[in-house]
Amino acid sequence: MKFNWGFLLKNIHMAKLIQLPTIQDDKGKLTVFQNLLPDGIKRVFYIYDHQEEERGGHRHKNATHALICPVGSCKIYTNDGTNEQIFTLDSPQKCLILNPEDWRKMYDFSENAFLLCISNTNYDPNDYIVAI
């Protein structure tokens, strides 16, 4: 049976933590992400070798993001104007979907953290909103 990720993602109205499908055998684990974002994947970037500084501090006009921390851990604060939430990404199987209206701050990175960010839009400096 095939899961309809598109249906799920079109009905998310605030930040949502999902469990990525993982296959395990005696050779190791394989975690898959596909069909995570509306309009597909246009850009991938990652945060690593960070200082003790907070990252983010913005929301977007159009971009939807999927955040995965395949190595190490970090916390993500979100605020969609109504709900505030804090998520911990500490497993390569956890994926946080952030909609454009989700204000986000990334912090409390472990020493070896690697935060993978997947976007459904190309980089556009005009897409960022830095004050709420």
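## Close-up views of a predicted model

**View 1. Asp-49 sits in the loop between strand S4 (43-47) and S5.** The model shown here and in the other views is predicted. Look at the backbone of Asp-49 in this loop. Its phi angle is near 45 degrees. That is a positive value, and Asp-49 is not a glycine. Is Asp-49 buried or exposed? Asp-49 has 66% relative accessibility, so it counts as exposed.

**View 2. The whole protein has 1 helix and 12 strands.** Start at the N terminus and follow the elements. The α element comes at the start, and the β elements follow it. The protein has 132 residues, and 38% of them are buried. The protein exposes about 8,200 Å². Carbon and sulfur atoms supply 49% of that area. Now consider contacts between residues at least 6 apart in sequence. Of these, 78% join residues at least 24 apart.

**View 3. An open sheet is built from 5 strands.** In what order do the strands lie? The order is S8-S7-S10-S5-S12. Pairing in this sheet is antiparallel. Strand S8 (84-89) and strand S12 (128-129) are the edge strands, and each pairs on one side only. Turn to the S12 edge. Strand S5 (residues 55-60) runs antiparallel to S12, and 2 bridges join them. Arg-59 has Ile-129 in S12 as its bridge partner.

**View 4. A hairpin links S2 to S3.** How many residues does the hairpin use to join these strands? The link is made through 2 residues. Strand S2 (residues 22-25) and S3 are paired by 4 bridges, in the antiparallel sense. Take one pair as an example. Thr-22 has Thr-31 in S3 as its bridge partner. Leu-30 also belongs here, in strand S3 (residues 28-31). Leu-30 joins Ile-23 and Val-32 in making a nonpolar surface patch. The patch covers about 260 Å².

**View 5. The largest nonpolar core contains 15 residues.** Which residues have the most contacts inside this core? They are Leu-67, Ile-76, Leu-89, Leu-96 and Leu-115. Several strands give two or more residues to the core: strand S6 (65-71), strand S7 (74-79), S8, strand S9 (94-98) and strand S11 (114-119). A second core, of 10 residues, is separate. Among its members are Leu-36, Leu-37, Cys-95 and Leu-116.

**View 6. Ile-76 and its surroundings come into focus here.** Set aside its neighbours within four places in sequence. Ile-76 then contacts residues including Leu-67, Leu-89, Leu-96 and Leu-115. These four also appear, like Ile-76, among the core residues with the most contacts. Other contacts of Ile-76 include Ile-86, Phe-87, Met-106 and Tyr-107. Arg-104, Lys-105 and Gln-85 touch Ile-76 too.

**View 7. Thr-78 is a residue of strand S7.** Why does Thr-78 count as buried? Thr-78 has a relative accessibility of 1%, and buried means under 20%. Again, leave out its neighbours within four places in sequence. The contacts of Thr-78 are then Ala-15, Asn-83, Glu-84, Gln-85, Phe-87, Leu-98 and Trp-103.

**View 8. Lys-75 and Asp-108 form a salt bridge.** Side chains of opposite charge can pair when their charged atoms come close. Between Lys-75 and Asp-108, the closest N and O atoms are 3.5 Å apart. Where do the two residues lie? Lys-75 is in strand S7, while Asp-108 is in the loop between strand S10 (103-107) and S11. The pair therefore ties together parts that are 33 residues apart in sequence. Lys-75 is partly exposed, with a relative accessible area of 29%. Asp-108 is partly exposed as well, at 47% relative accessibility. Check the backbone of Asp-108 too. Its phi is near 55 degrees, a positive value in a residue other than glycine.

**View 9. Lys-94 and Asp-90 make another salt bridge.** The count of salt bridges comes to 2. In this one, the N to O distance is 2.8 Å. Are the partners buried, exposed or partly exposed? Lys-94 counts as partly exposed, at 21% relative accessibility. Asp-90 also counts as partly exposed, at 44%.

Definitions and conventions
Residues are numbered from 1 along each chain as its sequence is written. This is a predicted model: local features need pLDDT of at least 70, side-chain atom pairs count only at pLDDT 80 or more; totals for chains, interfaces and linings use all residues. Side-chain values use heavy atoms; hydrogens and water are left out. Two strands pair if DSSP finds at least two bridges between them. Patches are made of residues with over 30% relative accessible area and no salt bridge: like charges are joined within 9 Å, nonpolar side chains (Val, Leu, Ile, Met, Phe, Trp, Tyr) within 5 Å. Accessible areas come from the Shrake-Rupley method with a 1.4 Å probe; for residues, only the protein chains shown count as cover. A salt bridge is a side-chain nitrogen of Lys or Arg within 4 Å of a carboxyl oxygen of Asp or Glu. A nonpolar core is a set of buried Ala, Val, Leu, Ile, Met, Phe, Trp, Tyr and Cys residues joined through side-chain atoms within 4.5 Å. Buried means under 20% relative accessible area, exposed over 50%, partly exposed in between (1.4 Å probe, protein chains only). Contact means heavy atoms within 4.5 Å.
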